[in-house]
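Trainee: I'm new to this one and keep tripping over the labels. Could you walk me through how each is earned?

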Amino acid sequence: MGAELHMMQDAKDNQMEDSQTEDSQTGPVLNNGTRALRYEEQLLWEREFHDTPGVDLPEPQGMPLRTGDALREDVGLPQVSEPEVLRHFVRLSTLNYSIDHGFFPLGSCTMKHNPRVNEKLARLPGFAHIHPMQEESTVQGALELMYRLQHYLAELTALPGVCLTPAAGAHGELAGMMTIRRAHEAAGENETRKIVLIPDSAHGTNPATAVICGYKVRTIPTKETGRLTQAAFEEALYKTDPDGKDVAGMMVTNPNTCGLFESDIVGIADALHAAGGYFYCDGANFNALVGKVRPGDFGVDVMHINLHKTFSTPHGGGGPGSGPICVTEALEPYLPIPVVEQDINGAYFLAREKSRPETLGKLRGFVGQFGMHVRALAYMLSHGADGLKEVSENAVLNANYILSQLKDDYHVPYDGPCMHECMVTDKLQKGETKDDDVTTLDIAKALVEYGYHPMTTYFPLVLPGTMLIEPTETETKGTLDKFITVMMHIASEVRAGNRDQFHHYPQSAPRRRLDEVKAARHPVLRWSSDQA
Amino acid sequence: MADTKYTKDHEVVHIEDGNVAVLGITAYAQDALGDLVFVELPEVGASFEKGDEFAVVESVKTAAEVYTPVSGEIVEINDRLNDEPEAIKISLEEGWIAKIRMTDDSELDALMDEAAYNEYLETLD
């Protein structure tokens with residue numbers, strides 16, 4: 001099949017009902033695979049036209065091609081002109097949905113607005129054009145910036161040891177748990193402490209991190225109240241050793257993934273510390289606490305911070321994450337290196353093994369996502385201490401506003417007030433029979449139809465059909481009201497018995513309802529020329 | 001069936017032949033998980049203690065560990081689930097996960113029979 005017919009076929013496959021393609025399998029395709037100005041985008045390989053190379057370079061003389069003569073043929077690199085390739089990526093970008101398009105209430109992800117002043121500062125040539133291998137004396141400004149960021153993170157968490165290198169949240173978790181393991185090693189207890197306690201509402205990365213660090217996970221049930229209780233915690237702590245001496249630590253997110261503050265946390269941390277374990281706090285939900293509560297004050301020993309959530313650096317496909325960790329003074333010697341320090345003359349330098357002999361070592365190249373450090377510090381300084389406090393206050397207020405408006409239309413398993421996100425389920429949307437059910441998935445797909453990015457679905461796992469809604473502080477009341485209206489409309493349609501439509505949404509998106517099961521069982525992971 | 005027992009985590013054990021038991025998951029569990037896309041099977045010869053995770057079932061919604069309610073050694077696995085994870089839904093005869101040679105069949109006493117399990121299901125949401 002030729003390239004043109006492909007376009008037509010793709011257009012038909014995607015049910016773009018255009019009269020020009022409808023009944024012609026062989027005739028000329030007039031619409032270029034589009035509906036109005038919306039393109040059905042192809043892979044560059046499918047657009048390949050050998051007579052329009054992107055660049056026209058002479059064949060190298062006297063040396064082999066870098067990819068080898070024959071190999072180059074095999075690889076079949078697409079030949080497209082510069083405007084073609086530019087249009088390709090611009091069109092693809094229009095199929096994306098981002099925080100700059102609209103409301104993005106994806107629970108646990110803190111999809112807040114990224115202030116443009118951060119971007120402006122990150123693009124200053126003195127920050128944007130430095131190289132990580134430059135002499136330290138030539139990048140004193142950048143080092144000072146990181147030093148100050150370390151300082152503010154320490155202030156906000158009451159955890160004085162900070163390492164900026166982890167490249168993302170999960171990497172920060174790994175760095176944090178490796179720091180704890182290193183401390184147990186130094187105390188000669190690594191062989192006896194093999195268990196990490198994790199509540200069942202945890203992010204999936206928590207147990208994964210513990211296992212990667214060689215620990216066995218013991219799950220603490222929280223289903224009854226949505227919160228960790230002292231009793232359930234102690235039962236897990238003393239389960240196989242009366243003094244909890246086989247427990248290395250616990251990993252807890254506070255507020256937890258149900259959007260609830262762990263109100264027993266101080267007593268739980270005390271019991272854990274008495275048993276010799278360390279408290280790792282997943283910092284994913286720090287946006288609910290920043291400026292108001294310092295995690296070190298409720299017993300946290302190690303916490304990672306998602307700069308890309310709390311401090312508004314781009315994420316979700318918009319930029320790399322950044323997951324610094326903050327630790328207590330006792331754990332500071334074990335932190336990964338390098339860490340930015342200041343010498344007696346006021347010069348900044350990267351402290352490495354020499355001055356930190358007990359470090360767990362290096363986790364990645366260089367000093368982390370420097371561009372994100374610039375953005376995060378810009379965010380902190382532009383808000384100030386009072387502004388950061390308002391961030392968490394408004395994040396919590398917005399979530400509670402949504403919860404208060406939706407509580408009659410959707411099942412609220414755990415009573416509010418919530419923190420920065422609220423959890424509801426699809427229990428009230430259940431039908432007489434299974435086919436009549438309007439599920440969390442259906443509601444999410446309906447939101448796509450109505451022009452909203454769905455909330456987080458089927459997470460946390462503590463209950464069936466959960467929906468986790470995190471509005472963040474950067475949305476106006478008007479935006480929240482529109483979203484609430486859509487959610488209420490969905491619920492009222494379900495109550496009115498107009499259920500079937502929900503099994504077919506979205507209708508207007510670039511793709512309609514996808515077959516998730518088929519995609520998971522028979523994934524097509526790469527294009528091959530056989531498919532042409 | 002008198003020789004079929006259930007757990008609160010929705011595993012099912014069917015005593016096949018003396019001390020060999022067939023392990024699977026209940027219809028309730030299958031329904032809660034949704035369409036399965038992958039089943040991670042144990043290895044034949046692997047030994048498990050009661051309560052150990054011996055398999056993982058993955059659906060489009062979630063991944064869930066499956067725990068063995070009895071201790072013993074895996075003697076056979078249902079290879080069919082590698083290519084056809086959805087077979088788990090048909091019945092325990094078709095969609096069993098593994099067969100285990102029990103080391104202590106008194107462990108079965110702690111499990112629920114069908115009537116008790118159905119009663120337990122009534123208490124769930």
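Mentor: Sure, starting with A:H304, which sits in strand β8 (residues 302-304) of chain A; strands are DSSP runs of E with at least two residues, helices are runs of H or I with at least four, and both are numbered from the N terminus. Keep in mind that this is a predicted model, where local features need pLDDT of at least 70, side-chain atom pairs count only at pLDDT 80 or more, and totals for chains, interfaces and linings use all residues. Residues are numbered from 1 along each chain as its sequence is written, chains are lettered from A and ligands numbered from 1 in the order in which they are written, and side-chain values use heavy atoms, with hydrogens and water left out.

Trainee: Why is A:H304 called buried?

Mentor: Buried means under 20% relative accessible area, exposed means over 50%, and partly exposed is in between (1.4 Å probe, protein chains only). A:H304 has 1% relative accessibility, so it counts as buried.

Trainee: What makes the link between the side chains of A:H304 and A:Y280 a polar contact?

Mentor: The rule wants a pair of N or O atoms within 3.5 Å; within protein, one must be able to donate a hydrogen and the other to accept it, and residues adjacent in sequence count only if both atoms are side-chain atoms. The A:H304 and A:Y280 side chains are joined at 2.6 Å, and A:H304 also has a polar contact with the side chain of A:N306, at 3.1 Å.

Trainee: How do you know that A:D100 and A:R116 form a salt bridge?

Mentor: A salt bridge needs a side-chain nitrogen of Lys or Arg within 4 Å of a carboxyl oxygen of Asp or Glu. For A:D100 and A:R116, the closest N and O atoms are 2.7 Å apart. A:D100 lies in the loop between α4 (82-95) and α5 (116-122) of chain A and A:R116 in helix α5, so the pair ties together parts 16 residues apart in sequence.

Trainee: Why is A:R116 called partly exposed?

Mentor: Its relative accessibility is 42%, so A:R116 falls in the partly exposed class.

Trainee: What makes A:R148 and A:E144 a salt bridge?

Mentor: Their closest N and O atoms are 4.0 Å apart. Both residues lie in helix α7 (residues 140-157) of chain A, four residues apart, about one turn of the helix.

Trainee: Which residues form a salt bridge between chain A and chain B?

Mentor: B:E86 and A:R521 do, with their side chains meeting at 3.5 Å, N to O. Across that interface the rule finds two salt bridges.
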